[in-house]
Each structure stands twice: as C-alpha cells, then as structure tokens.
Amino acid sequence: MPMPFLLLVLLAPAALLVTIALARRGYAAGRTRLRRTAGRVWLWNVAAILGTIAMCWYAVGLLAVGAAVVSAEDGGTDSSPLRPCRTPGKEERALHVVDYSVRLIPLRFVCVTRNAPDYAAESVPNVNPAVLGFTVAAVACAGTAFARPRTVHTLGVQQ
C-alpha cells in the first residue's frame, strides 16, 4: 500500500476523534445554563464549536484526497494519465504527469510532472480557506477567553 494512503487512513480517525471531543465540549456547555455564566465560558464554547467545524471541513478534505489517492493507484484501462490530474480544457498538461504527492498542510493532491511545474489537482475540492478561517476564529475566541479575567460565582454573587 502507498504511504500517503496509510497516512490518510490514520489521520481520518484522529480527525474524527478530535471533532467528537470538541463537539462534546460544546454540547455539554450548551446544556448548562449559559445565561448565568461569565462571558469567558461563552468564548470557550464558541471556540470549541468553531474548532469542531474546522475539523469537519478538514476531514471532508481528507476523504476527498483519500479518494483521489485510491483513484490514482487504481491500475488498468484508463489509468494513464492519472484520473485526478485530468482537468477539462487542460488535457495536455495531464500527459506530462509522472507521479503524485499528497500535501497535508495545506491539504491537496499534487500532480508531479516531468518538465512542467507541479500543480494541484482540481478534482479535489479546496477546503483550505474554510479550515483556515474557522481555525483562526477558534484560536481568536480561545485566546480572548484565556486573556479575560476569571470571575468566581458563589451563591449567585460575583466576587
């Protein structure tokens, strides 16, 4: 089995577990009475939810790249040039593809060519802007929550 496919097989369950953990944190916090809690808790919960969305987008991208790897490794009739590297209207550049590689950050399937510069396959959806946006928003919320002063509630009285 090719190494990129094995790496994707290991990363997809890890992304799923992190997504479940973040979603569980956001759900558990949502069940409590958030109206009476400090804004810091709200920010942590929003950060957890945004992180969950980012991980979901990344998992979708991993599945798409994994499908492209499986399609590229499939031999037989119609396997050359690599199917993920074929782009309608740009068929001539696919004729120079000799190999492929998988990049995890940013996530993409790269077609390696002999003479021309390498290019990212257009058959794999580009989820990187969504992952970056949700990750930056989650980090910003978590950083803001960390920087806020902690308030202590005792019997409904702020101290």
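Two strands are taken to pair if DSSP finds at least two bridges between them. On that basis, in this predicted model, β2 and β3 form a hairpin in which five residues lie between the two strands. The two strands run antiparallel and are joined by two bridges, and within this pairing C111 stands opposite Y119 in β3.

Strand β2, which covers residues 107-113, also pairs with β1, and here seven bridges join the two antiparallel strands. D99 stands opposite V112 in β2, and the hairpin formed by β1 and β2 has two residues between its strands. Taken together, the three strands form an open sheet in the order β1-β2-β3, with antiparallel pairing. Because β1 (97-104) and β3 (119-120) each have a single partner strand, they stand at the edges of the sheet, and one side of each is left without a neighbour there. Helix α2, made up of residues 39-73, packs on this sheet, where it touches β1 and β2, and the direction of the helix makes about 30° with that of β2.

The surroundings of β2 were then considered in terms of burial, where a residue counts as buried if its relative accessible area is under 20%. Five of the seven residues of β2 are buried, so this strand is largely enclosed by the rest of the structure.

The nonpolar residues of the interior were examined next. The largest nonpolar core holds 21 residues, and among these C85, F109 and C111 touch the most other members. At least two residues of this core are supplied by each of α2, β1 and β2, and α2 gives the most, with seven residues. A second core, separate from the largest one, consists of six residues, including L43, A47, A138 and C141.

C111 therefore appears in two parts of this description, since this residue stands opposite Y119 in β3 and is also one of the residues that touch the most other members of the largest nonpolar core, a core being a set of buried residues joined through side-chain atoms within 4.5 Å. Helix α2 likewise appears twice, as the helix that packs on the sheet and as the element that gives the most residues to the largest core.

Technical notes
Residues numbered from 1 in each chain as written. Predicted model: local features only at pLDDT ≥ 70, side-chain atom pairs only at ≥ 80, totals over all residues. Heavy atoms only, no water. Helix = DSSP H or I, 4+ residues; strand = E, 2+ residues; numbered from the N terminus. Contact = heavy atoms within 4.5 Å. Axes fitted to C-alpha atoms, helices over the stretch in contact; angles between N-to-C directions. Buried < 20%, exposed > 50% of the residue type's maximum accessible area, 1.4 Å probe, protein only.
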